[in-house]
Amino acid sequence: SVGMIDCFRLLGNRTVAACALGVACFIASDVGIGFLSARLIDNPNSILTTTGFYACRIVGTIVGAYVLLRVSDVKYLRWNMALALAVCCALFFVRNAAAIYALIGVLGFAMACVFATFYAVATKAVPEQANGVAGLMIMAIAAGAVSGPVCGAIIRWTGNPHLGMLFVALCVGYMLWASIKLKIK
């Protein structure tokens, strides 16, 4: 049987540790985008940005399933995280509602296959301990709990909801860095 200590020992493997932190950053950025997307537009209908984000994630998942049959999972993750980081940076400056809707949609598309990719790479690193890897990945989901308070604190401190994207951009930046460090198999 596998215990908690056995799961945490897996963090000694660099690939597993990078992927577990990648999942934590993915969930934190995902919740952060959900928190911020409705605040980026000063409009009662701005909740549609969150709907658009998740609708585009669905499309990204379908496209990703097709592309991942033909392209390395790590390479696809790199492309998507580079795109997501560019979008996060654009969201610091863009104020036009239509452009914000479009950028949030592109961000949703780019974030579609992140969890699955980190999970697959970590599992391939230690296939004999797949259950322990799964436990770590599930524990990493708890990182989403920090997003609302951190993004909210940034907004209160700066008075600018667009600067709340700084937290999301940092998470996406880590995921891009991790995707560059991970080996393509």
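1. In this predicted model, Thr117 is a buried residue, because its relative accessible area is 3%, which falls under the 20% cut-off for that class. Thr117 belongs to helix α6, and a polar atom of its side chain lies 2.7 Å from the backbone oxygen of Cys113. Leaving aside residues up to four places away in sequence, Thr117 touches Asp73, Val74 and Leu77.

2. Ser29 deserves a similar look: Ser29 sits in helix α2 and is buried, with a relative accessible area of 0%. When residues up to four places away in sequence are not counted, Ser29 touches Met111, Ser147, Val168, Cys171, Val172 and Met175. Val168, Cys171, Val172 and Met175 are themselves among the buried residues of α9.

3. How far apart are the end C-alpha atoms of α2, the helix that holds Ser29? The end C-alpha atoms of α2 are 33 Å apart, and this agrees with the 34 Å that its 24 residues should span at 1.5 Å a residue. The helix is mostly covered, since 17 of its 24 residues are buried. At the N-terminal end of α2, Asn13 acts as a cap, with a side-chain oxygen placed 2.9 Å from the backbone nitrogen of Thr15.

4. The loop that follows, between α2 and α3, contains Ile41, and this residue counts as buried because its relative accessibility is 7%. Ile41 and Ala99 are 58 residues apart in sequence, whereas their C-alpha atoms are 10 Å apart in space.

5. In helix α3 a reader may wish to inspect Thr50, which is buried with a relative accessible area of 17%, a value under the 20% cut-off. The side chains of Thr50 and Ser37 are joined by a polar contact of 2.7 Å. Thr50 touches Gly34, Ser37 and Ala38, again not counting residues up to four places away in sequence. Thr50 and Phe35 are separated by 15 residues in sequence and by 8.5 Å in space, C-alpha to C-alpha.

6. Helix α5 covers residues 97–110, which makes 14 residues, and from its first C-alpha to its last it reaches 20 Å, close to the 20 Å expected at 1.5 Å a residue. Its N-terminal end is capped by Asn96, a side-chain oxygen of which lies 2.9 Å from the backbone nitrogen of Ala98. Which elements do the buried residues of α5 pack against? These buried residues, namely Ile100, Leu103, Ile104, Gly105, Leu107, Gly108 and Ala110, pack against α2, α3 (48–67), α4, α6 and α9.

7. Helix α9 can be read in the same manner. Its 17 residues should span 24 Å at 1.5 Å a residue, and its end C-alpha atoms are 24 Å apart, so the two values agree. The buried residues of α9 are Met165, Phe167, Val168, Ala169, Cys171, Val172, Tyr174, Met175, Leu176, Ala178 and Ser179. They pack against α2, α4, α5, α6 and α8, the last of these being residues 147–158.

8. The final point concerns the largest pocket, which has a volume of about 320 Å³. Its lining is made up of 13 residues, and those that lie nearest its centre are Arg14, Thr15, Lys181, Leu182 and Lys183. Two or more residues of the lining come from each of α2 (14–37), α4 (73–93), α6 (114–125) and α9 (165–181). By class, the lining residues divide into six nonpolar, one polar and six charged. One of the residues nearest the centre, Thr15, is also the residue whose backbone nitrogen lies 2.9 Å from a side-chain oxygen of Asn13, the cap of α2.

Technical notes: Residues are numbered from 1 along each chain as its sequence is written. This is a predicted model: local features need pLDDT of at least 70, side-chain atom pairs count only at pLDDT 80 or more; totals for chains, interfaces and linings use all residues. Side-chain values use heavy atoms; hydrogens and water are left out. On a 1 Å grid over the protein atoms alone, a cavity is a set of points where a 1.4 Å probe fits but cannot get out, and a pocket is an open set with protein on both sides within 12 Å along at least five of seven lines; lining residues have an atom within 4 Å of a point. Grid points are joined across faces, edges and corners, and a volume is the space filled by probe spheres set on the points. Helices (H or I, at least four residues) and strands (E, at least two) are DSSP runs, numbered from the N terminus. Ala, Val, Leu, Ile, Met, Phe, Trp, Tyr, Cys and Pro count as nonpolar, Asp, Glu, Lys and Arg as charged, and the others, Gly among them, as polar. The expected span of a helix is 1.5 Å times one less than its number of residues. Buried means under 20% relative accessible area, exposed over 50%, partly exposed in between (1.4 Å probe, protein chains only). A polar contact is a pair of N or O atoms within 3.5 Å; within protein, one must be able to donate a hydrogen and the other to accept it, and residues adjacent in sequence count only if both atoms are side-chain atoms. Contact means heavy atoms within 4.5 Å.
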